[in-house]
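Dear colleague,

Here is the structure you are taking over. My notes on what was found in it follow below.

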Amino acid sequence: MEEWGSNLITTIVVIFTTIIILILVQLLARKLNRYLESVEGVQKARRQQTITFLQVVTWIISVTVICIGLLMILSEFGVDIAPLLASAGIAGLALSLGAQTLIKDFIGGFLILLENQYSVGDDIQLDTLTGQVERITLRATYVRDFRGFQYIIPNGEVRIVANLNRDWSQILVDVNIAYEEDLNHVTSVLKQAADDFVNNPDYHSEMIGEPKVIGPIVSGEWALTMRVMVKARPERRNEITRELHKFILQAVKSAGISQPYPRQESLVIAKD
């Protein structure tokens, strides 16, 4: 009877300690969440990525603490936990053999979060798929392409990924011009138009460095292709690309530079 009383006291202590640890873990996680949400100058996607990683770590710690507490209680009441640990090891091995793909996905998701390979809101390219990341879990990454289709990619299948929004984006605008045009004059017009766009107050803060004009990069059957390149911050990449394209086309039109395009002409044969 005395032994049972001692075991009961120890059990209460273990349960109380476990609850205290869980409460402290939750309080610490909430405090870190509030801190992350209050920090200024951090991108929303990066903040959300860090919060997601924090939630995963909190869950892992909580489950581990509960399992340790249960094992301690069972051991205190004379239950031999060695077979349980052995059974858990065998069950874990069987589970791992039967669910290798799932475990690989979890490990891949954990590494994506840990290394911050990409975040919610980033534009990424996976093989032939290009789209925006909508959601990341330990098992899969949810990507929506420009057509509105949502793709669910298991994290274990992510081998090579191109992050189009990391630090800066390269904006490219290609312009077709006629072979008869003076290339030096065309280059000058394009460079001046790009400089004016970069210095525009609406976009100047988004730009990184000076624009470049290169070309011709392609000599087609009916036109030469010139390219305007400028680095910009990734948040408004698509908007800036569209506006720069319109700005360049307007400058080319105003300068009287010919922009040919393929056309088909019908041949009319006169009958006698």
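**Asp-123 and strand 1**

Asp-123 has its place in strand 1. Please keep in mind throughout that the model is predicted. With a relative accessible area of 11%, Asp-123 is buried. Leaving aside residues up to four places away in sequence, Asp-123 touches Gly-131, Gln-132, Ala-162, Asn-163, Leu-164, Asn-165, Arg-237 and Asn-238.

Asp-127 is found just past that strand, in the loop between strand 1 (123-126) and strand 2 (129-136). Its backbone deserves a look: Asp-127 has a positive phi of about 60° although it is not a glycine. Most residues other than glycine have a negative phi. Asp-127 is exposed, at a relative accessible area of 66%, whereas Asp-123 is buried.

**Overall layout**

The protein has six helices and eight strands. In sequence order they follow the pattern α-α-α-α-β-β-β-β-β-β-α-β-β-α. The protein has 272 residues, of which 31% count as buried. Its accessible surface comes to about 18,000 Å², and 60% of that belongs to carbon and sulfur atoms. As for contacts between residues at least 6 apart in sequence, 64% of them join residues at least 24 apart.

**Salt bridges**

The count of salt bridges comes to six. Three of them are described here, beginning with Glu-157 and Lys-104, whose side chains meet at 4.0 Å, N to O. This pair links distant parts of the chain, 53 residues apart: Glu-157 is in the loop between strand 4 (150-154) and strand 5 (161-163), and Lys-104 is in helix 4 (residues 100-115). Both ends are partly exposed, Glu-157 at 47% relative accessibility and Lys-104 at 36%.

Arg-227 forms a salt bridge with Asp-174, and the closest N and O atoms are 2.7 Å apart. Here too distant parts of the chain are linked: Arg-227 belongs to strand 8 (residues 224-232) and Asp-174 to strand 6 (residues 169-177), 53 residues apart. Arg-227 has a relative accessible area of 23% and is partly exposed. Asp-174 is also partly exposed, at 35%.

The side chains of Asp-145 and Arg-147 meet in another salt bridge, at 2.9 Å from N to O. How exposed or buried is each partner? Asp-145 has a relative accessible area of 7%, so it counts as buried. For Arg-147 the value is 48%, so this residue counts as partly exposed.

**Charges over rings**

Arg-147 has a second partner besides Asp-145. Arg-147 lies over the face of Phe-146, at 5.9 Å from the ring centre. A further case involves a lysine: the charged end of Lys-231 sits over the ring of Trp-168, 4.2 Å from its centre.

**Aromatic pairs**

How many aromatic pairs does a search of the whole structure find? The search finds two. In one of them, the rings of Phe-197 and Tyr-203 have their centres 4.8 Å apart and their planes at 15°, so this pair is stacked. The cut-off for stacking is planes under 30 degrees apart. Phe-197 is buried, with a relative accessible area of 2%, and Tyr-203 is buried as well, at 10%. Ring pairs link these two residues and Phe-247 into a cluster.

**Helix 6 and helix 1**

Lys-246 lies in helix 6 (residues 237-254). Lys-246 counts as exposed because its relative accessibility is 52%, and the cut-off for exposed is over 50%. The C-alpha atoms of Lys-246 and Val-173 are separated by 9.7 Å, although the two residues are 73 apart along the chain.

At the other end of the numbering, helix 1 (residues 2-38) contains Phe-16. Phe-16 is exposed, at a relative accessible area of 54%. Phe-16 is also part of a nonpolar surface patch of about 650 Å², together with Ile-15, Ile-19, Ile-20, Ile-23, Leu-24 and Leu-27.

Regards

Definitions and conventions: Residues are numbered from 1 along each chain as its sequence is written. This is a predicted model: local features need pLDDT of at least 70, side-chain atom pairs count only at pLDDT 80 or more; totals for chains, interfaces and linings use all residues. Side-chain values use heavy atoms; hydrogens and water are left out. Patches are made of residues with over 30% relative accessible area and no salt bridge: like charges are joined within 9 Å, nonpolar side chains (Val, Leu, Ile, Met, Phe, Trp, Tyr) within 5 Å. Accessible areas come from the Shrake-Rupley method with a 1.4 Å probe; for residues, only the protein chains shown count as cover. Helices (H or I, at least four residues) and strands (E, at least two) are DSSP runs, numbered from the N terminus. Buried means under 20% relative accessible area, exposed over 50%, partly exposed in between (1.4 Å probe, protein chains only). Rings of Phe, Tyr and Trp (its six-membered ring) pair if their centres lie within 6.5 Å; planes under 30 degrees apart count as stacked, over 60 as edge-to-face and the rest as tilted. A charge sits over a ring if NZ of Lys or CZ of Arg is within 6 Å of the ring centre and within 35 degrees of the ring normal. Contact means heavy atoms within 4.5 Å.
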